[in-house]
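Student: I have a model to look at. Can we go through the terms one by one?
Tutor: Yes. Ask how each label is earned.

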Amino acid sequence: MKFFVDTADLADIRDLHATGMVDGVTTNPSLIAKAGRNFLEVIAEICDLVKGPVSAEVAATDVETMLKEGRKLAAIAENVTVKLPLTWDGLKACRALADDGTMVNVTLCFSANQALLAAKAGAAFISPFVGRLDDIGETGMDLIREIRAIYDNYDYETEILVASIRNPVHVKEAAIIGADVATVPPAVLRQLSQHPLTDKGLAAFLADWKKTGQSIL
Ligand code: G3P
């Protein structure tokens, strides 16, 4: 499974990219607002650093302006993935941009039928939001299972990019289901390596090693 990092914070992206675990980046208007920097500059800088897909979201809601914005964003770098909302205008813009050869990430997906439409519109990625479904008492991962089954039934190449991930359990379940990508907030990505028994075991090994009085170097 690929890991994208879900942030527009360059310091976090740089730090995590150094682990070799970052296959791409996703941003959205809320993350850009949080970063407090110029959108186009931030996307250009992320694309310089990370060679995998970097999602940049349009702000328009009508197809014509979405296309203008999408083409401007796509011109920043060849790894820009234009992010469009799952509306009829977004789906129309998705088809047009996909026909241009631009990667599109269709976002704000909350149902399997929406994911089916995005695949038919030629999306490179569909972003189902698991955390926000959990928030309203549904089970976000059920949606990932449904989309996996539908895409496999018809050999759609659209990649399932699990979004709105809130914890390591979401990452594990997405991997078990066979999602293509998890876009993970920096704090959750850092949590993935942690286990108290790893820390405890390492402390015991280091203490025993000290008792040997030896040195490897
Ligand atoms: O990629 C979309 C994601 O950032 C949304 O996450 O936590 O705001 O639901 P959240």
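Student: How far is an oxygen atom of the ligand from an N or O atom in the side chain of Asp6?
Tutor: This is a predicted model, so the value is computed. The distance is 2.5 Å. A polar contact needs a pair of N or O atoms within 3.5 Å, so the Asp6 pair, at 2.5 Å, qualifies.

Student: What makes the Arg132 pair a polar contact?
Tutor: A polar side-chain atom of Arg132 is 2.7 Å from a ligand oxygen. The cut-off is 3.5 Å, so this pair counts as well.

Student: And how far is the ligand oxygen from the side-chain N or O atom of Ser164?
Tutor: That distance is 2.6 Å. Set against 3.5 Å, it is a polar contact.

Student: How much of the ligand does the protein cover?
Tutor: On its own, the ligand has 310 Å² of accessible area, and the protein covers 81% of that.

Student: Which residues are around the ligand?
Tutor: They are Asp6, Asn28, Lys83, Phe129, Arg132, Ala163, Ser164 and Arg166. Each has a heavy atom within 4 Å of the ligand, so each counts as near.

Student: What makes four residues of that shell charged?
Tutor: Asp, Glu, Lys and Arg count as charged, so Asp6, Lys83, Arg132 and Arg166 belong there. The shell also has two polar and two nonpolar residues.

Student: Where does the ligand sit?
Tutor: The ligand takes up the space of the largest pocket. About 440 Å³ of space lies in that pocket. It is lined by 27 residues, and Asp6, Thr7, Asn28, Leu31 and Lys34 are the closest to its centre.

Student: Which element gives the largest share of the lining?
Tutor: Helix H2 does, with four residues. Helix H1 (10–17) and strand S5 (104–109) are among the elements that give two or more.

Key. Residues are numbered from 1 along each chain as its sequence is written. This is a predicted model: local features need pLDDT of at least 70, side-chain atom pairs count only at pLDDT 80 or more; totals for chains, interfaces and linings use all residues. Side-chain values use heavy atoms; hydrogens and water are left out. A polar contact is a pair of N or O atoms within 3.5 Å; within protein, one must be able to donate a hydrogen and the other to accept it, and residues adjacent in sequence count only if both atoms are side-chain atoms. Accessible areas come from the Shrake-Rupley method with a 1.4 Å probe; for residues, only the protein chains shown count as cover. On a 1 Å grid over the protein atoms alone, a cavity is a set of points where a 1.4 Å probe fits but cannot get out, and a pocket is an open set with protein on both sides within 12 Å along at least five of seven lines; lining residues have an atom within 4 Å of a point. A molecule sits in a cavity or pocket if more than half of its atoms lie within 2 Å of its grid points. Grid points are joined across faces, edges and corners, and a volume is the space filled by probe spheres set on the points.
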